[in-house]
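Trainee: I would be grateful for a close look at one helix pair and at how its packing is described. Please then place the pair beside other packed parts of the model.

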Amino acid sequence: MAEVERGVRGDVAADPGARAGVARAVLWLVVAVLGVRQMAVVLRRQPGESLIDLETWTGQDGILHVAGSLYEPGRFTGTPFAGLVLRPLTTSAEEALGVVWTFGTLLLVAALGLVAARGLPGPVTRRTAFLAAPLAITLLMVSLPVRNTLYLGQTSILPVLLVLVACLAVRGERLSGVLVGVAAALQPAVLLFAVLFWFTGRRRAAAAGGAAFAFCTALAWAAMPHDSWTYWVHHVAGAGLGERPDSLANQSLHGALLRFGLQGPSEVVLFLVLAAAVTVLGLRRAVRYAHDGQLLLAVAVTGCVAVAVSPTAWQHQLLWVLLAVVGRVGTKASDRLVWPAVVVLVLTLPGKMLLPNIGALLPVRDNVLLITALGAACVAPFLPRTSPHWQRPVPTDYAQPVASRFSWVPLLPFWRRVLSRPNLLLELLLIRVVYSAYAKVRLAAAVGRPTAEEHGRQIHSMEQWLHIDIEHWANHTVVGIPWLREFFDYYYSTFHFIVPLTILGVLYVRRPSDYRWARSSIGFATLLALVGFWLYPLAPPRLMPGLGFIDTVHGAQDLASPDFGALTAVTNQYAAMPSLHFGWSLWCGLVILVLAPKAWMKALGLLHPLFTVSCIVATGNHWVLDAVGGATVVGLGFGLTYVLAGPRRLRTGRDGTGTSADGAADGGTLAAVPGQKKGESVAAPAGSGAS
């Protein structure tokens, strides 16, 4: 298979250009920053707060130190061969082991990204080949499985790397099989790759994989017969080890069926039937993609099958799903980005951030990783390389870039009115980094209780002078109406993130030029809000002693405690001015008002900021003036975007000059749209008012 891939990839130039070189350098810098950050996050925590599984195995009272069975305490979930491999680590110094283990895991992640980048299905463009490795490593670094692996001190990256090396980087059949066999001895479901070898004509590799798996398992059985019996027979290949199999952490078909309430023999029979169907369908697809030259996709599909059919598939074992991002779905350029967006979002964000807290969506939210794995294994219509749309999807035409304002200012000429859709993976990375910075700065802006309460008294006095101090009346009125209190509590905790993300997603797909405008405006508003959090920490009404407010969302807190209970330990409770709850909702309402094509959509969009301002005041989480502050930063965000990028609405006149909605020149000339005949006018770009 590796020879086939080398034949289709072709020869790529080492240097595709200066701009690509700068982008590559920036991506490698991001990789370095993420690596340092992951090391710092893991190692600066106190013992027992990170590397939990490693500590359980190799600590002073660890399982590998204690004589007797590995599985009696119920804390070791690996195979007996894994226990045999880990035993030498018990002689290492505990502190040094944590550093070496974390650094070694990061090196494995880097190696995994390099091998995956090499295995991209060809032919690939020079730019793709140049940027693939740092981008792949970056995505791996920010993925939930890798972060979970680093936090726990697990070994789950090693089997994935062994399989990728066997399938993409090793020429010898026997060595490929041995690598897969060793990986299967560490994670039994990986033995499915020996089946993939068999049906793709690599029968020597398949036989070598089965033999290596049998040898490693027999070696562990000879060294630890009681533990081997316990793992393979008593616990049915480890199915009963670790957390409860019906917990949300188990993203396999077995775990999902248990969460749906099935128990006993009927659940086992249904699981075996579904697992057999997924295995047959998924492996057939994987074989087809392997013969098509998409070896990395074939590996990803087989790994997703292993995730679904394993009795237990914990979060740190789900890295296979991220590899499915290489599959190409859709014939149109506007559709091509949907599948990678879904995979990246699911593998980098927790389910509670992807879907709202609505009862009907809970089964999807709780099983979103499994659903994505099943989609990759059995459903997603990945294009073959023989498709005419493989390299050239049906294009979506947009207007050309327009010069920005103040192009004469150094560093500002890069800010052009680009009206095409931006790179999705880089855009998701940007949003993720900005949100992480927002969370860090918001938490770091905490100050002492007296300062925050003094500012709270200032705001309360100002509202009394303005006769807008309605918070106490609204709070106690809502508390007396149970259904209204439940509605406001639910609205406050559910729609803060989901509505802005949904709007950005719709704009990205349907109106990319307006997406850039909207994304920039909310980004500026958020940055300005951080300045407010830092300069003016403010106690919200619910944390003001003596005023009689009732915290309907978070419940009663101990105001006598300096920390105000456990909630203050996880977030800065004094980041109230300005209110981003209202600011983001106002941004949503204004964007819908400007862009929605129907009057009823515009009216519905304006209900969101109305409901939001009502619930933040009625639940005691914000003052009325906090909402005024939120509106101010949103207005400034739109203003900064206008100053830097010009008017939102653009037209293209018959002479090819970009003009604003009022006909004034917009400071640049639009190049002709490909395929346009001389003398024809160009249609208004997406986001310029045309639907």
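Mentor: In this predicted model, helix H7 (residues 144–152) packs with helix H18 (residues 338–348) at an angle of about 20 degrees, and their axes lie 7 Å apart. That angle makes H7 roughly parallel to H18, because angles under 35 degrees count as such. In general, the angle between the axes and the distance between them describe two packed helices. On the H7 side, the residues that meet H18 are Leu144, Pro145 and Arg147, and their counterparts in H18 are Val346, Leu347 and Thr348. Sorted by class, this contact comprises 4 nonpolar residues, 1 polar residue and 1 charged residue.

Helix H12 (residues 225–234) offers another view of packing. Its residues Asp227, Ser228, Thr230 and Tyr231 are buried. Viewed down the axis of H12, the buried residues fall within an arc of 160 degrees, so they line one face of the helix. They pack against helix H4 (80–86) and helix H11 (203–223). Just after H12, Val236 adopts a positive phi of about 50 degrees.

The nonpolar cores complete the account. The largest has 112 residues, among which Leu164 and Trp320 touch the most other members. Helix H15 (residues 295–309) supplies the largest share of this core, 13 residues. Leaving aside residues up to four places away in sequence, Leu164 touches Leu112, Val115, Ala116, Ala169, Leu296, Val299 and Leu323. A second, separate core has 38 residues, including Tyr491, Leu504, Trp587 and Val624.

Technical notes
Residues are numbered from 1 along each chain as its sequence is written. This is a predicted model: local features need pLDDT of at least 70, side-chain atom pairs count only at pLDDT 80 or more; totals for chains, interfaces and linings use all residues. Side-chain values use heavy atoms; hydrogens and water are left out. Buried means under 20% relative accessible area, exposed over 50%, partly exposed in between (1.4 Å probe, protein chains only). Helices (H or I, at least four residues) and strands (E, at least two) are DSSP runs, numbered from the N terminus. The arc is that of the directions from the helix axis to the C-beta atoms. Contact means heavy atoms within 4.5 Å. A nonpolar core is a set of buried Ala, Val, Leu, Ile, Met, Phe, Trp, Tyr and Cys residues joined through side-chain atoms within 4.5 Å. Axes are lines fitted to C-alpha atoms, for helices over the stretch in contact, and angles run from 0 to 180 degrees between N-to-C directions. Angles under 35 degrees count as roughly parallel, over 145 as roughly antiparallel, 65 to 115 as roughly perpendicular and the rest as oblique. Ala, Val, Leu, Ile, Met, Phe, Trp, Tyr, Cys and Pro count as nonpolar, Asp, Glu, Lys and Arg as charged, and the others, Gly among them, as polar.
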